[in-house]
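User: I'm new to this one and would like to know what stands behind the labels people put on it. Could you show it to me and take my questions in turn?

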Amino acid sequence: MLYLICFLVTFAACVIGTICGMGGGIIIKPVLDATGVMSVSAVTFLSGCTVIAMSCWSVGKTAIKKESALDLHSTPFLAIGAALGGIAGKQLFNLAAAQFAYPDKAGGVQACLLFIATLATLLYTIKKDRFTPKQVQSRAAALFIGLLLGLLGAFLGIGGGPFNVAVLCYFFSMPTKKATQNSLLIVLFSQLSSTLQTVFTAGAPQLDHIILLGMMIVAVAASEVGRRIHRRLDERQATLCLEGAMILIMGISVYNMFRFFG
């Protein structure tokens with residue numbers, strides 16, 4: 001039953017994550033936290049490895065097929081910043097977790113921050129016609145923005161989220177579909193640096209290696225399904241998918257807040 005739960009959650013999350021440019025971790029992490037089948041640290045590590053496999057496959061496949069819409073002026077610097085932020089975010093989470101007698105309580109902090117960040121992103125997405133998009137040209141600014149995105153994603157244990165897409169739309173004037181592709185590269189760098197830091201400092205948590213390998217394989221298959229669906233969507237449909245995913249994430253986050261702090 002544990003295998004079935006993990007694999008089904010991974011498949012659904014990575015299909016949605018690829019379509020919306022969020023990575024799958026933003027759904028995998030809170031859903032598996034909500035089930036209580038594993039510790040917060042184990043779920044975070046599994047989610048991270050799954051997101052790396054999913055985003056690496058998706059980014060690589062679009063590049064090979066020459067379907068990539070990466071912004072080569074800004075996105076590489078966003079990605080580098082996200083990698084640095086991933087390291088900082090992981091350290092920040094470890095400090096926060098150390099403040100609780102039971103480390104899993106830190107999952108409640110993650111759920112609360114995820115809810116706030118997702119709500120703010122949803123409100124922006126709905127009202128974005130009222131905002132005039134910027135066109136950031138400074139690579140230093142792109143590096144700093146990537147740092148903040150990576151820090152938030154790593155602290156939450158999700159690699160990235162819908163806030164990545166919103167930031168790219170607002171600060172870099174990207175349409176939603178282009179932003180989703182660029183977001184996945186940022187998610188990849190953020191989660192890769194965060195996960196490697198865990199491995200080389202604290203070591204990987206004890207977990208079932210069949211689950212780890214299975215989730216990574218399922219993530220690759222799901223990202224291929226999501227990539228094909230994404231190609232068929234127009235801008236309006238892509239935005240609706242993103243908004244629906246955010247509402248789902250907020251609902252799960254509320255449940256987890258009550259679960260960890262109740």
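Analyst: Sure, and keep in mind that this is a predicted model. Let's start with a pair of cysteines: the sulfur of Cys241 has its closest cysteine sulfur in Cys20, 5.5 Å away, and that is too far for a bond.

User: What makes 5.5 Å too far for a bond between Cys241 and Cys20?

Analyst: A disulfide calls for two cysteine sulfur atoms within 2.5 Å. The sulfurs of Cys20 and Cys241 are 5.5 Å apart, so the pair doesn't qualify. By this rule the count comes to zero disulfides. Seen from the other side, Cys20 is in no disulfide either, and its nearest cysteine sulfur is that of Cys241.

User: Are Cys20 and Cys241 buried or exposed, and how do you know?

Analyst: They get separate labels. Cys20 has a relative accessible area of 1%, and buried means under 20%, so Cys20 is buried. Cys241 comes out at 32%. That value lies between the 20% and 50% cut-offs, so Cys241 is called partly exposed.

User: Which helices bring these cysteines together?

Analyst: Helix 1 and helix 10 do: Ile16, Ile19 and Cys20 in helix 1 meet Cys241, Leu242 and Ala245 in helix 10. Those contact residues divide into six nonpolar, no polar and no charged.

User: Why are helix 1 and helix 10 called oblique?

Analyst: Look at the angle. Helix 1 (residues 2-20) and helix 10 (residues 235-261) have axes that cross at roughly 135° and come within 9 Å. Roughly perpendicular ends at 115 degrees and roughly antiparallel needs over 145, so 135° falls in the oblique range. The crossing of helix 1 and helix 10 is left-handed.

User: What makes helix 6 and helix 7 roughly antiparallel, then?

Analyst: Again, it's the angle. Helix 6 (residues 139-156) and helix 7 (residues 162-172) pack at about 165°, with axes 11 Å apart. Antiparallel starts over 145 degrees, so the label fits helix 6 and helix 7. Helix 6 passes helix 7 in a right-handed crossing.

User: Which residues meet where helix 6 packs on helix 7?

Analyst: From helix 6 come Ala142, Ile145, Leu149, Leu152 and Leu156, and they meet Phe163, Asn164, Val167, Phe171 and Phe172 of helix 7. This contact divides into nine nonpolar, one polar and no charged.

User: Why is helix 2 described as largely enclosed?

Analyst: Count the buried residues. Helix 2 covers residues 25-35, and ten of its eleven residues are buried, so the rest of the structure largely encloses it. Among the buried ones are Gly25, Ile26, Lys29, Pro30 and Asp33. Right after helix 2 comes Gly36, with a positive phi near 70°.

User: How do you know that His230 is buried?

Analyst: Its relative accessible area is 8%, and the cut-off is under 20%, so His230 counts as buried. His230 is in helix 9 (residues 209-232). Leaving out residues up to four places away in sequence, His230 touches Thr18, Ile19, Lys177, Thr180 and Gln181. His230 and Gly21 are 209 residues apart in sequence, yet their C-alpha atoms are 9.5 Å apart in space.

User: And what makes Thr239 buried?

Analyst: At 13% relative accessible area, Thr239 is also under 20%, so it's buried too. Thr239 is in helix 10. With residues up to four places away in sequence not counted, Thr239 touches Thr125, Lys128 and Thr176.

Key
Residues numbered from 1 in each chain as written. Predicted model: local features only at pLDDT ≥ 70, side-chain atom pairs only at ≥ 80, totals over all residues. Heavy atoms only, no water. Axes fitted to C-alpha atoms, helices over the stretch in contact; angles between N-to-C directions. Helix = DSSP H or I, 4+ residues; strand = E, 2+ residues; numbered from the N terminus. Left-handed = near helix turned anticlockwise from the far one by under 90°. Contact = heavy atoms within 4.5 Å. Nonpolar A, V, L, I, M, F, W, Y, C, P; charged D, E, K, R; others polar. Buried < 20%, exposed > 50% of the residue type's maximum accessible area, 1.4 Å probe, protein only. Parallel < 35°, antiparallel > 145°, perpendicular 65-115°, else oblique.
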